[in-house]
Amino acid sequence: MKQLTTTRSSVCSQRVWKLWGFRLRHSMLLFLIVVPPPSPDGVTLHQLVCDLIADILTEATDAAQRDLYNRQRAGRIAAQKQGVNLGRPSKKCSDKRFSKIRDLYESHQISAEESAQRLHVSVSTFYRWLRESREHD
C-alpha cells in the first residue's frame with residue numbers, strides 16, 4: 001500500500017483512527033485511507049467524509065455519555081428513596097472526649113480550631129458534632 005503524506009486529510013484519518021479505531025471495521029478504515037483528488041476549492045471528498053464520520057462518532061459518544069449519566073442519576077435517586085446512604089460515612093465522635101472539649105469550647109477557654117485539633121478532626125466536623133449534640137440535648 002502507498003505511504004500517505006501528512007496532509008490535513010491523512011491527519012484527519014489518523015485522528016479518527018486514534019479516537020475511534022477500536023469501533024471502526026477494517027472496510028471503514030480502508031475507505032478512510034483512500035484519498036481522492038482535491039476539488040477546485042481545495043476541499044477533498046476525503047476531508048468531508050472524514051469530518052462527517054468524526055462528527056457522527058463524537059455525537060454517538062456524547063449520546064452514550066448522556067444516557068449513562070441519566071441512568072446513574074436515576075439509580076442514585078432510587079437508592080436514596082430506599083434509604084441507602086451514598087458516599088463516605090461520616091466520622092463518629094467519642095462522647096467522652098467530645099463532651100470535655102465541648103465544655104471547654106462553650107466556656108470560651110479554647111477556640112473551635114483548637115477543639116478540632118484536639119479531636120483530630122476538621123473544624124467543620126467539630127461544628128457538625130457540636131450542632132448534633134445541641135439537637136440531642
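This passage looks at salt bridges and at one helix pair in a predicted model.

Start with the charged pairs. The count of salt bridges in the model comes to five, and three of them are picked up here, beginning with R66 and E59. The side chains of R66 and E59 meet with N and O 3.1 Å apart. How accessible are these two residues? R66 has a relative accessibility of 44%, and E59 comes in at 43%. Partly exposed means anything between under 20%, which is buried, and over 50%, which is exposed, so R66 falls into the partly exposed group, and so does E59.

Next up is the salt bridge between E106 and R134, where the closest N and O atoms lie 3.4 Å from each other. This pair ties together distant parts of the chain, since 28 residues separate the two partners. E106 belongs to helix α4, which covers residues 95-106, while R134 sits in helix α6, made up of residues 123-136. Both ends of this link are partly exposed: E106 has 36% relative accessibility, and R134 has a relative accessible area of 47%.

The salt bridge of R118 with E114 stays inside one helix. Here the N to O distance is 2.8 Å. Both residues belong to helix α5, residues 112-119, and because they are four residues apart, about one helical turn separates them. As for the surface, R118 is partly exposed at 36% relative accessibility, and E114 is partly exposed too, at 29%.

That brings in the helix pair α4 and α5. Two packed helices are described by the angle between their axes and by the distance between those axes. For α4 and α5, the axes come within 10 Å and cross at roughly 165°. Angles over 145 degrees count as roughly antiparallel, so α4 is roughly antiparallel to α5. Their crossing is right-handed.

Which residues make the contact between the two helices? On the α4 side they are R97, F98, I101, L104 and Y105. The α5 side brings in A112, S115, R118 and L119. Sorted by type, the contact residues are six nonpolar, one polar and two charged. R118 thus turns up in two places: it takes part in the contact with α4, and its side chain meets that of E114 in a salt bridge.

Note on methods. Residues are numbered from 1 along each chain as its sequence is written. This is a predicted model: local features need pLDDT of at least 70, side-chain atom pairs count only at pLDDT 80 or more; totals for chains, interfaces and linings use all residues. Side-chain values use heavy atoms; hydrogens and water are left out. A salt bridge is a side-chain nitrogen of Lys or Arg within 4 Å of a carboxyl oxygen of Asp or Glu. Buried means under 20% relative accessible area, exposed over 50%, partly exposed in between (1.4 Å probe, protein chains only). Axes are lines fitted to C-alpha atoms, for helices over the stretch in contact, and angles run from 0 to 180 degrees between N-to-C directions. Angles under 35 degrees count as roughly parallel, over 145 as roughly antiparallel, 65 to 115 as roughly perpendicular and the rest as oblique. A crossing is left-handed if the near helix is turned anticlockwise from the far one by less than a right angle, and right-handed if clockwise. Contact means heavy atoms within 4.5 Å. Ala, Val, Leu, Ile, Met, Phe, Trp, Tyr, Cys and Pro count as nonpolar, Asp, Glu, Lys and Arg as charged, and the others, Gly among them, as polar.
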